Amino acid sequence: MTQKVQIIIDGKTVDLPVLEATEGRNVVDVRGLINEGIYTYDPGFLSTAACDSEITYIDGDEGVLMYRGYPIEQLAEKSSHLEVSYLLFNGHLPSASELKAFEQEIISRMAVDEHFQHIFDGFTAQSHPMSMTCAAVAGLASLYHEGLDIYDEDHRRETALNLIAKIPTIAAMTYKKTQGEAFIPPDPSLNYAENFLHMCFGKKGRAPDVNPVISAAMDRIFILHADHEQNASTSTVRLAGSTEADPYAAIAAGIAALWGPSHGGANEAVLDMLSEIGDESQIDQYVAKAQDKDDPFRLMGFGHRVYKNFDPRATVMQSSCDAVFKELGVDDPLLNVARKLEQIAREEDYFIERNLYPNIDFYSGITLKAIGIPVPMFTVIFTLGRMPGWISHWNEMLSSPFKIGRPRQLYLGPGPRDYVDVGSR
Ligand code: SDX
C-alpha cells in the first residue's frame with residue numbers, strides 16, 4: 001500500500017503520496033500542492049529532492065558513497081576512472097572487451113582540433129585555469145552544436161565520449177598556458193591519467209616519462225571525484241540541461257558552479273588557508289576564527305551538506321596522500337599543519353557538535369601539491385574527475401520525460417502601487 005502524509009490547509013486535509021527509495025530516505029511528493037494554492041519553502045534545498053536518479057547514492061550519516069551500487073572504497077581500490085565513467089553512464093560494469101573498446105574510443109578522441117587551440121590565444125599566463133576551462137568547454141559547442149539532437153541517445157553518447165575524452169586535454173592546455181609552454185598532444189600509447197600528466201609535464205619532442213605511482217594516484221583522485229548525486233554543480237547541469245540547452249554549454253555552467261570555494265573551489269582554498277596558517281603554532285588562532293560568528297572565516301576542507309560523518313572519499317584520499325608522499329619522499333610542512341589542524345578541529349566541541357569532519361577537498365589539495373600541480377589547477381582536476389558524473393546525470397534526465405526547472409518563491413516585496421512621475425517624487 002502506498003504510504004502517504006496528510007497536511008491540513010485552511011481546514012482541508014490534503015493527502016500527499018510518499019515515494020519509496022530503493023536506498024535511503026523516501027520522499028513526500030508535493031507536486032499536488034500547486035492545486036492547493038500553496039508552495040513549499042526550502043532555500044538551499046536542504047530537505048528537497050529535485051529529481052529521482054539511479055546513479056549515485058550517499059548516506060551522510062553512515063559515510064556511504066556508492067556509484068550505481070558499488071561502494072567507492074572498492075572502486076577506488078580495484079577500478080579505473082574510465083571504467084567508472086563507463087559504469088556511471090551505462091549503469092553497469094563493462095565486460096573486458098567493452099572496457100577495452102571504451103578505453104580505445106576515449107583515447108582516440110582526446111586530441112582537440114588544431115584551430116580550436118586558438119581559443120587559448122585570448123588568455124594569458126595569468127588567466128585562472130578554471131576561467132579557461134569553462135570557456136573552452138563552452139567553446140566545444142561551436143564544434144558539435146550543428147545537428148546535435150539531444151533526444152537521440154547516440155548523439156548523447158557521442159557528447160559524453162567527447163567531453164570525457166577532451167577534458168584532460170583542455171585541462172592540460174590551461175596548465176601549459178599558465179607555464180607559457182607549448183601544448184603537448186595526447187599519446188595513444190598512454191592510459192587516461194598518464195596522458196593527462198604527460199600533456200601537463202611533458203616537453204615537446206621528448207618521450208613520455210610518467211611515474212606510475214603518481215598516475216595511479218591521479219586516476220584514483222579522478223575516481224573519487226567522479227560523481228556525488230545532486231551537488232550544486234550537478235544540479236546546475238541538470239537545471240541548464242532542462243531548458244534543452246546545448247550539453248557542452250550546460251556542462252560549462254556546471255564548471256562555473258564548481259569553481260566556488262564552498263564547492264569544488266575548496267581544494268584550492270584549503271591550500272591557501274594552510275599557507276596562510278603557515279605553521280602549527282598558528283593553528284589555534286585559526287580554529288578560534290572559524291568558530292567566531294562575527295568572522296566569515298571557515299575552515300576550508302571541513303564540513304559537508306550531506307556527510308555528517310567522515311567523508312568516505314577523504315579516508316581513501318588520505319591513504320593516497322601517504323602513498324604519494326612516500327613515493328616522492330615529500331616532507332611538506334603544510335601536511336604537518338594539515339594533520340595537526342585535523343586533530344585539533346576534531347577535538348573541538350564546536351566541530352563535534354556540528355559534525356564538521358574533513359571532506360575530500362582537505363586531502364586532495366595536499367596530494368595535488370605534492371604531485372607538483374599548481375594550486376590554481378586544483379579545481380580543474382576536480383572538473384576533470386566530475387565530468388562523467390555531470391554528463392551521466394544530463395543523459396539520465398534526457399532519457400525520460402522531464403520538465404524545465406522553474407522554482408517558485410516566497411514574495412516579500414511591496415504590494416501593488418501606482419507609478420509616480422519623476423517631477424512629483
Ligand atoms: C564539496 O555537495 C556536495 O556533494 C559537494 C562535494 C561534491 O563532491 O560535489 O562533496 C564537494 O563541495 C565539498 C565541500 C567543500 N567545501 C568546503 O570545504 C568549504 C568549507 N565548508 C563549508 O563552507 C560548509 O561546510 C559547506 C558549504 C560545505 C556546507 O555548508 P552547509 O551544509 O550549508 O552547512 P552550514 O553552512 O549551514 O553550517 C552549519 C554550521 C554553521 O554554524 P551554526 O550557524 O550552526 O552555528 O556549521 C558551521 C556553520 O557556520 N560550519 C563551519 C564550517 N562549515 C560549516 N564552521 C567553520 N568552518 C567550516 N568549514
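These legends go with close-up views of a predicted model, covering the ligand site and an internal cavity.

**View 1. Who sits around the ligand.** The ligand has 24 residues around it, and the ones that come nearest are His228, Leu299, His304, Arg313 and Arg386. Sorted by class, this shell is a mixed bag: nine nonpolar, eight polar and seven charged residues.

**View 2. Backbone contacts to ligand nitrogen.** Zoom in on Ser262 and you'll find one of its backbone N or O atoms 3.0 Å from a nitrogen atom of the ligand. Phe302 joins in with its backbone too: a polar atom there is 2.9 Å from a nitrogen atom of the ligand.

**View 3. A side-chain contact to ligand oxygen.** Here it's the side chain of Arg305 that does the reaching, with a polar atom 2.8 Å from an oxygen atom of the ligand. As for cover, the ligand taken alone would expose 1100 Å², and the protein buries 78% of that.

**View 4. The one cavity that turns up.** Searching the whole structure for cavities of 30 Å³ or more gives just one hit. The largest cavity holds about 30 Å³ of space. Its lining takes in Gly303, His304, Tyr307, Asn309, Phe310 and Asp311, along with Asn355, Tyr357, Pro358 and Asn359. By class, that makes four nonpolar, five polar and one charged residues. Look out for His304, a familiar name by now: it helps line this cavity, and it is also listed among the residues that come nearest to the ligand.

Key:
Residues are numbered from 1 along each chain as its sequence is written. This is a predicted model: local features need pLDDT of at least 70, side-chain atom pairs count only at pLDDT 80 or more; totals for chains, interfaces and linings use all residues. Side-chain values use heavy atoms; hydrogens and water are left out. On a 1 Å grid over the protein atoms alone, a cavity is a set of points where a 1.4 Å probe fits but cannot get out, and a pocket is an open set with protein on both sides within 12 Å along at least five of seven lines; lining residues have an atom within 4 Å of a point. Grid points are joined across faces, edges and corners, and a volume is the space filled by probe spheres set on the points. Ala, Val, Leu, Ile, Met, Phe, Trp, Tyr, Cys and Pro count as nonpolar, Asp, Glu, Lys and Arg as charged, and the others, Gly among them, as polar. A residue is near a molecule or strand if one of its heavy atoms lies within 4 Å of it. A polar contact is a pair of N or O atoms within 3.5 Å; within protein, one must be able to donate a hydrogen and the other to accept it, and residues adjacent in sequence count only if both atoms are side-chain atoms. Accessible areas come from the Shrake-Rupley method with a 1.4 Å probe; for residues, only the protein chains shown count as cover.
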